[in-house]
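I had a new model to go through today. I kept notes as I looked things up.

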Amino acid sequence: MNAPAIIRGWLDERLDLDELTEPLKTKTVPQHRHSHWYYLGGITLFLFAIQVITGLLLLLYYRPSTKEAYESVQFITNRVQFGWLVRSLHSWSANLMIFVAFAHMFSVAFLRAYRKPRELTWITGMVLLLLCLGFGV
């Protein structure tokens with residue numbers, strides 16, 4: 001027996017993992033899985049990843065003090081190589097992420113994907129949408 005199987009067996013004895021993972025094994029994917037609505041959540045996640053990456057790149061040059069903030073943005077836009085592109089990507093992906101998150105929320109409501117057993121997923125999605133709006137403001 002290999003080490004991962006031993007660890008899994010030890011954890012399964014104590015936590016009854018098979019009972020926890022059984023619903024995941026029998027999950028059915030909705031019929032609309034190849035429609036445009038189905039991909040909105042993944043698009044939102046992709047735009048969030050762009051936000052993180054471009055935000056980290058902008059963080060390298062941005063200075064948040066009251067005296068240097070404007071000058072640092074001008075430096076990023078005009079003097080850093082491709083700084084204008086990174087800043088524009090960050091801005092556009094932020095706006096698109098909010099739009100796609102709202103479209104995703106409406107598609108989930110329209111397709112009634114919030115019903116049992118996905119209520120907790122709906123609640124966490126709404127919390128994430130509110131966090132996106134809060135960071136956007």
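Below are my entries, in the order I made them.

**Confidence**

I started with how far to trust the coordinates, since this is a predicted model. The protein chain has a mean pLDDT of 88, and 95% of its residues reach 70 or more. I then went through the elements: helix α2, residues 17-25, has the lowest mean pLDDT, at 77, and α3 has the highest, at 95. I kept that in mind for the pocket, because α3 (40-59) is one of the helices that supply at least two residues of its lining.

**Largest pocket**

What volume does the largest pocket have? I got about 1200 Å³. Its lining runs to 37 residues. Nearest the centre of the pocket I found G41, T44, H104, G125 and L128.

Next I asked which helices supply at least two residues each to the lining. They are α3 (40-59), α5 (83-110) and α6 (119-136). The largest share comes from α6, with 10 residues. I also sorted the lining by class: 21 residues are nonpolar, 11 are polar and five are charged.

**Salt bridge**

I searched the whole structure for salt bridges and came back with one. It joins the side chains of R14 and E13, at 3.4 Å from N to O. In general, side chains of opposite charge can pair when their charged atoms come close.

Are the two partners buried or exposed? E13 counts as exposed, because its relative accessibility is 66% and the cut-off for exposed is over 50%. R14 comes out at 49%, so I noted it as partly exposed.

**Aromatic pairs**

The count of aromatic pairs for the structure is four. I wrote down two of them in detail, beginning with Y38 and Y39. Their ring centres are 5.9 Å apart and the planes stand at 80°, which makes the pair edge-to-face. Y38 is partly exposed at 36% relative accessibility, and Y39 is partly exposed too, at 42%.

The other pair I followed up is F102 with F106. Here the centres lie 6.4 Å apart and the planes meet at 25°, so I logged the pair as stacked; stacked requires planes under 30 degrees apart. Where do these two sit in the chain? Both are in helix α5, four residues apart, so about one helical turn separates them. For accessibility, F102 is partly exposed at 29%, while F106 is exposed at 54%.

**Backbone oddities**

I went looking for unusual backbone geometry next. Most residues other than glycine have a negative phi, and most peptide bonds are trans.

Which peptide bond is cis? I noted the one from K116 to P117, with omega near 10°. P117 lies in the loop between α5 and α6.

I also have two entries for positive phi. R112 has phi near 55°, and it is not a glycine. R112 belongs to the loop between α5 and α6, and it counts as partly exposed, with 48% relative accessibility. F82 is the other entry, a residue other than glycine with phi near 60°. I placed F82 in the loop between α4 (69-78) and α5.

**A contact across the sequence**

My last look was at L129, which is found in helix α6. Is L129 buried or exposed? It is buried: its relative accessible area is 7%, and buried means under 20%. How many residues separate L129 from I98 in sequence? They are 31 residues apart along the chain, with 7.8 Å between their C-alpha atoms in space.

Notes
Residues are numbered from 1 along each chain as its sequence is written. Side-chain values use heavy atoms; hydrogens and water are left out. On a 1 Å grid over the protein atoms alone, a cavity is a set of points where a 1.4 Å probe fits but cannot get out, and a pocket is an open set with protein on both sides within 12 Å along at least five of seven lines; lining residues have an atom within 4 Å of a point. Grid points are joined across faces, edges and corners, and a volume is the space filled by probe spheres set on the points. Ala, Val, Leu, Ile, Met, Phe, Trp, Tyr, Cys and Pro count as nonpolar, Asp, Glu, Lys and Arg as charged, and the others, Gly among them, as polar. pLDDT is the predictor's confidence in each residue, from 0 to 100. A salt bridge is a side-chain nitrogen of Lys or Arg within 4 Å of a carboxyl oxygen of Asp or Glu. Buried means under 20% relative accessible area, exposed over 50%, partly exposed in between (1.4 Å probe, protein chains only). Rings of Phe, Tyr and Trp (its six-membered ring) pair if their centres lie within 6.5 Å; planes under 30 degrees apart count as stacked, over 60 as edge-to-face and the rest as tilted.
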